[in-house]
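Work through the exercises below with the sequence and the model open. Each task is followed by a solution in steps.

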Amino acid sequence: MSTTDEWGPPDTTVYQRVQATPEFAQLRRRLRRFVFPMSAVFLVWYLVYVLLASYAPGFMATKLAGEFTVGLLIGLLQFVSTFVITTMYVRFADRSLDPAAERIRREIEGDAA
Amino acid sequence: MNGTVGNVGLNVGIFAVFVLLTLVVVYRASRSNRTASDYYAAGRSFTGSQNGIAISGDYLSAASFLGIAGAISVYGYDGFLYSIGFLVAWLVALLLVAELLRNTGKFTMGDVLSFRMKQRPVRAAAATSTLVVSFFYLIAQMAGAGGLIALLLQIPNSNKLGQSIVIGVVGLVMVAYVLVGGMKGTTWVQIIKAALLVVGAFVMTFWVLGEFGLNFSALLSAAVEKSTKGDAILAPGLQYKNKLDFISLGLALLLGTAGLPHILMRFYTVPTAKEARKSVVWAIWLIGIFYLFTLVLGYGAAALVGPEVISKAPGGVNSAAPLLAFQLGGEVLLGLISAIAFATILAVVAGLTITASASFAHDVYANVIKKGQTTPGSEVRVARTTALVIGIVAIAGGILANGQNVAFLVALAFAVAASANLPTILYSLFWKRFNTTGALWSIYGGLAVCLVLIVFSPAVSGSESAMIKSVDFHWFPLSNPGIISIPVSFLLGVIGTFVGRREPFNAEKYAEMEVRSLTGAGAEKAVVNTA
């Protein structure tokens with residue numbers, strides 16, 4: 001970015017000027033639109049599990065196959081969902097966050113140098 | 001069964017070999033320790049995968065190995081809740097904290113919390129809660145170490161003095177690692193330990209499953225047969241009679257991880273946020289797979305050793321995994337698994353000690369007392385002295401907590417971390433209007449509520465498993481305070497922010513923090529070290 005003046009008044013810092021750009025606002029929005037709903041999903045799913053364990057031990061003790069109970073199954077599904085969300089986030093971050101973040105970072109550090 | 005298992009000479013031998021080997025590694029790693037960045041953050045020179053393995057080494061403490069396997073072997077399903085909480089909690093770290101924190105901070109949690117606030121009061125608060133969390137976590141590890149070594153050296157539970165001396169010696173050895181190796185040495189110990197632990201647990205898991213023809217259901221029915229509680233061990237409710245207690249514990253586990261200072265500090269040992277993300281992914285996979293192993297090991301110990309024998313052995317519940325090893329592979333496997341368990345404790349204690357000492361030296365000494373006017377050399381000197389003091393305090397606490405289930409003790413540390421640290425971390429990263437008053441209210445308020453509830457809980461007095469059995473001054477019904485203290489702390493952050501609304505808003509610092517956290521611009525760079 002060669003001319004910084006067009007970003008805002010000259011008495012602001014480079015960070016303030018970047019913060020005001022639509023590109024940065026979009027990066028922030030994209031991150032929040034992914035991580036907030038996803039956090040809500042795993043929080044609720046975990047709370048459902050904990051509540052079932054506390055208030056429905058009879059249901060959790062139901063045997064599915066041999067000695068394998070519903071409680072063990074739901075517990076193991078928590079592992080599965082954790083692995084799945086992890087993988088989804090990494091794919092999302094690699095594709096949708098890193099390129100924009102990298103571009104802005106280079107603009108700032110080039111600007112400061 | 002009078003609690004004598006294995007051959008003392010062999011146990012001590014395997015153990016001594018391990019201590020010597022790791023000391024050599026630590027010593028070699030320490031030779032390139034030059035600057036504060038080397039000492040605290042290992043020069044930010046580790047890769048994402050190395051750091052991920054080290055994080056699992058840091059996280060899979062005695063609580064995970066000895067505590068969870070022990071809890072599952074005695075209480076069945078309720079022990080499994082710990083592993084689920086400990087694992088799912090990593091999503092909070094992955095999605096909301098790790099990368100933003102790596103981009104913003106330098107050495108400690110206080111760097112991030114105080115970034116756009118008044119430096120001295122917020123740093124002092126962050127250091128206070130770091131020290132308290134680390135203290136609880138340390139006590140748990142020391143209690144685990146005491147039980148383990150007591151089992152190896154065959155010191156019976158009646159010989160409290162003997163066990164206390166063991167805890168003392170173990171504590172001193174651990175502090176020595178930190179003083180010599182700094183963060184680099186500590187990280188290598190954690191990497192070695194994580195590899196040993198995961199491989200050891202893998203071997204034992206398949207060995208146990210092999211005893212039952214690789215049939216998990218057959219293993220479960222053998223455990224049911226051996227248990228006096230019957231198939232109640234396959235469903236929740238044996239350990240936690242109080243439903244709210246169960247929920248409270250669940251909340252503390254979920255929200256504690258991303259507020260643990262020694263875990264947060266590990267994100268500074270990698271060069272970029274992308275590497276920090278990669279470390280969390282490695283950690284999640286390793287930790288998740290490890291907890292699947294402990295599920296088998298816990299029920300396996302119940303089936304092959306039996307809950308009665310485990311409860312009566314030196315070290316109590318925490319001895320399930322070593323006893324299972326003895327049952328499977330005799331004294332050699334017992335010696336090996338115990339050495340691994342000891343390595344586990346060692347690595348975690350080293351990580352905790354370096355975090356607590358860094359927080360004191362960097363936040364309190366350099367920034368609060370000296371107001372930033374100090375040399376990195378003197379800061380590191382202070383950190384080393386602090387490490388020694390922390391070691392001594394941890395030894396004393398460990399002696400007091402000897403015999404408690406370590407997973408339970410660690411859960412208290414998680415409750416403190418979730419109450420004192422997490423709200424302020426999230427607010428300062430995501431909430432523009434959050435201010436110094438809000439941070440102080442949330443940290444000190446969350447900390448105080450949490451500690452008061454713990455002191456007056458059945459965990460400390462007035463129950464069979466209480467730390468102080470002779471008197472009963474408990475009035476809070478839950479053994480884990482999370483369900484009250486965590487929401488209170490989030491609320492205090494909001495109220496404090498409202499109370500302090502006349503504080504001048506630092507737009508410059510806010511912009512710098514937000515842009516830095518999302519893009520990595522201006523983040524602390526790796527140290528290029530030619531040595």
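**Exercise 1.** Leaving aside neighbours within four places in sequence, which residues is B:Gly482 in contact with?

Solution. The model is a predicted one. Start with the location: B:Gly482 belongs to helix H19 of chain B, residues 482–499. Next, list the partners outside the four-place window: B:Ser248, B:Leu249, B:Leu251, B:Ala252, B:Ala415 and B:Ala418. A separate distance concerns B:Leu412, which lies 70 residues from B:Gly482 along the chain, with 8.5 Å between the two C-alpha atoms. Finally, classify the environment. The cut-off for a buried residue is 20 or more other C-beta atoms within 10 Å. B:Gly482 has 28 such atoms within 10 Å, so it is buried.

**Exercise 2.** Determine how H3(B) packs against H12(B), and which residues make the contact.

Solution. Two packed helices are described by the angle between their axes and the distance between the axes. Helix H3 covers residues 48–59 of chain B and helix H12 covers residues 273–304 of chain B; their axes come within 7 Å and cross at roughly 45 degrees. At that angle H3(B) is therefore oblique to H12(B). The crossing of the two helices is right-handed. From H3(B), the contact uses B:Gly48, B:Ser49, B:Asn51, B:Gly52, B:Ile53, B:Ile55, B:Ser56 and B:Tyr59. From H12(B), the contributors include B:Glu275, B:Lys278, B:Trp282 and B:Leu286. By class, the residues of this contact are 9 nonpolar, 6 polar and 2 charged.

**Exercise 3.** Repeat the analysis for H3(B) and H8(B): at what angle do they pack?

Solution. Helix H8 spans residues 160–211 of chain B; its axis and that of H3(B) are 7 Å apart, at an angle of about 75 degrees. Angles of 65 to 115 degrees count as roughly perpendicular. H3(B) and H8(B) are therefore roughly perpendicular to each other. On the H3(B) side the residues are B:Gln50, B:Ile53, B:Ala54, B:Ser56, B:Gly57 and B:Asp58. They meet B:Thr187, B:Gln190, B:Ile191, B:Lys193, B:Ala194 and B:Ala195 of H8(B). This contact divides into 5 nonpolar, 5 polar and 2 charged residues.

**Exercise 4.** How many residues does the largest nonpolar core have, and which helix gives the most to it?

Solution. The core has 240 residues. Those with the most contacts inside it are B:Ala140, B:Ala301, B:Ala321, B:Leu324 and B:Val416. Helix H14 of chain B, residues 320–369, gives the most, with 32 residues. Take B:Ala140 as a case: beyond four places in sequence, it touches B:Ala62, B:Ala63, B:Val406, B:Leu409, B:Val410 and B:Ala413. Now consider helix H4 of chain B, residues 62–75: 14 of its 14 residues are buried, so this helix is largely enclosed by the rest of the structure. Just after H4(B), B:Gly76 has a positive phi of about 70 degrees.

**Exercise 5.** Describe chain A and the side of it that touches chain B.

Solution. Chain A contains 4 helices and 2 strands, arranged along the sequence as α-α-α-β-β-α. Of its 113 residues, 28% count as buried. The contact between the chains takes 43 residues from chain A and 40 residues from chain B. On the side of chain A, H4(A) gives the most, with 17 residues. That side divides into 26 nonpolar, 12 polar and 5 charged residues.

Key. Residues numbered from 1 in each chain as written. Chains lettered and ligands numbered in written order. Predicted model: local features only at pLDDT ≥ 70, side-chain atom pairs only at ≥ 80, totals over all residues. Axes fitted to C-alpha atoms, helices over the stretch in contact; angles between N-to-C directions. Parallel < 35°, antiparallel > 145°, perpendicular 65-115°, else oblique. Left-handed = near helix turned anticlockwise from the far one by under 90°. Contact = placed C-beta atoms within 7 Å. Nonpolar A, V, L, I, M, F, W, Y, C, P; charged D, E, K, R; others polar. Core = buried A, V, L, I, M, F, W, Y, C linked by C-beta atoms within 7 Å. Buried ≥ 20, exposed ≤ 12 C-beta atoms within 10 Å, placed from the backbone.
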